[in-house]
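Biologist: I have a new structure to look at, and I keep tripping over the vocabulary. Could you walk me through the terms one by one?

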Amino acid sequence: MSTPREPDPVKLFVSVIAADRDRLAEVVRALAATSGDPDFVSEVLPFEYTDYYTTEMGAGLIRRFVTFERLIRPEELPAVKLCTNALEERFAEGGARRVNIDPGYLARQHLILATGKGYSHRPYIGRGIYADLTLEYRKETFRPLEWTYPDYRAERTIAMLNALRRRYVIQLKEAKG
């Protein structure tokens with residue numbers, strides 16, 4: 001029989017997609033107001049993997065990835081997703097989103113994204129939110145799964161996430177003392 005124990009805290013991770021740099025900056029500031037100081041903000045990256053958001057948000061979309069200094073409990077993810085949904089609504093114009101904000105967390109074993117859409121690989125985690133196991137960490141690197149979106153499969157993204165994981169592991173060791 002296993003002995004139940006609390007999981008390690010995890011690193012809050014957010015992807016922000018928008019049509020312009022000013023909007024990205026506004027969203028990062030709004031996220032900092034709710035989640036604390038960011039400890040990583042990626043360079044502005046082109047979002048070229050799909051045109052899924054083009055009708056609603058326009059063409060030429062760009063993205064930043066953000067992580068936050070404060071570690072969270074994994075069970076906080078549904079509340080974070082509801083908060084980012086509210087931010088998307090706040091930035092909407094004429095009923096259309098102008099930003100897409102996808103939160104998740106990075107743990108030693110995996111990268112989880114929060115979603116409002118259930119599926120076979122997305123277990124329910126409460127408050128209308130599901131967990132998408134996006135990447136697993138095995139043999140010293142994050143690895144995609146058959147359902148992983150192309151942007152999270154990209155070598156550049158995985159290299160960034162591996163570096164963020166190394167920082168997270170150090171942060172976790174320091175937190176444990």
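**Strands, pockets and one tyrosine**

Modeller: Gladly! Strand β2 (residues 38–41) pairs with β4 in the antiparallel sense, over 3 bridges. One of the facing pairs is F40 and T67 in β4. Before we go on, this is a predicted model: local features need pLDDT of at least 70, side-chain atom pairs count only at pLDDT 80 or more, and totals for chains, interfaces and linings use all residues. Residues are numbered from 1 along each chain as its sequence is written, and side-chain values use heavy atoms, with hydrogens and water left out.

Biologist: What makes β2 and β4 a pair?

Modeller: Two strands pair if DSSP finds at least two bridges between them. β2 and β4 have 3 bridges, so they pair. A strand here is a DSSP run of E with at least two residues, a helix is a run of H or I with at least four, and both are numbered from the N terminus.

Biologist: How do you know that strand β3 (residues 45–46) pairs with β4?

Modeller: β3 and β4 share 2 bridges, antiparallel, and at least two are required, so they count as a pair. In β4, P46 has I62 as its bridge partner. Strand β1 (residues 10–18) is joined to β4 by 8 bridges, again antiparallel, and A18 stands opposite I62.

Biologist: Why is strand β4 (residues 62–72) called mostly covered?

Modeller: Buried means under 20% relative accessible area, exposed over 50%, and partly exposed in between, using a 1.4 Å probe and protein chains only. In β4, 8 of the 11 residues are buried, so the strand is mostly covered.

Biologist: What lines the second largest pocket?

Modeller: Its lining includes R5, E6, Y105, R108, Q109 and H110. By class, the lining has 6 nonpolar, 2 polar and 4 charged residues.

Biologist: Why does R108 count as charged?

Modeller: Asp, Glu, Lys and Arg count as charged, so R108 does too.

Biologist: How do you know that Y137 touches R108?

Modeller: Contact means heavy atoms within 4.5 Å. Y137 touches R108, Q109, H110, F142, N162 and R165, not counting residues up to four places away in sequence. Y137 itself sits in strand β8.

Biologist: And what does the side chain of Y137 reach at 3.2 Å?

Modeller: The side chain of Y137 reaches the backbone oxygen of E140 at 3.2 Å. By contrast, the C-alpha atoms of Y137 and R97, 40 residues apart along the chain, are separated by 32 Å.

Conventions: On a 1 Å grid over the protein atoms alone, a cavity is a set of points where a 1.4 Å probe fits but cannot get out, and a pocket is an open set with protein on both sides within 12 Å along at least five of seven lines; lining residues have an atom within 4 Å of a point. A polar contact is a pair of N or O atoms within 3.5 Å; within protein, one must be able to donate a hydrogen and the other to accept it, and residues adjacent in sequence count only if both atoms are side-chain atoms.
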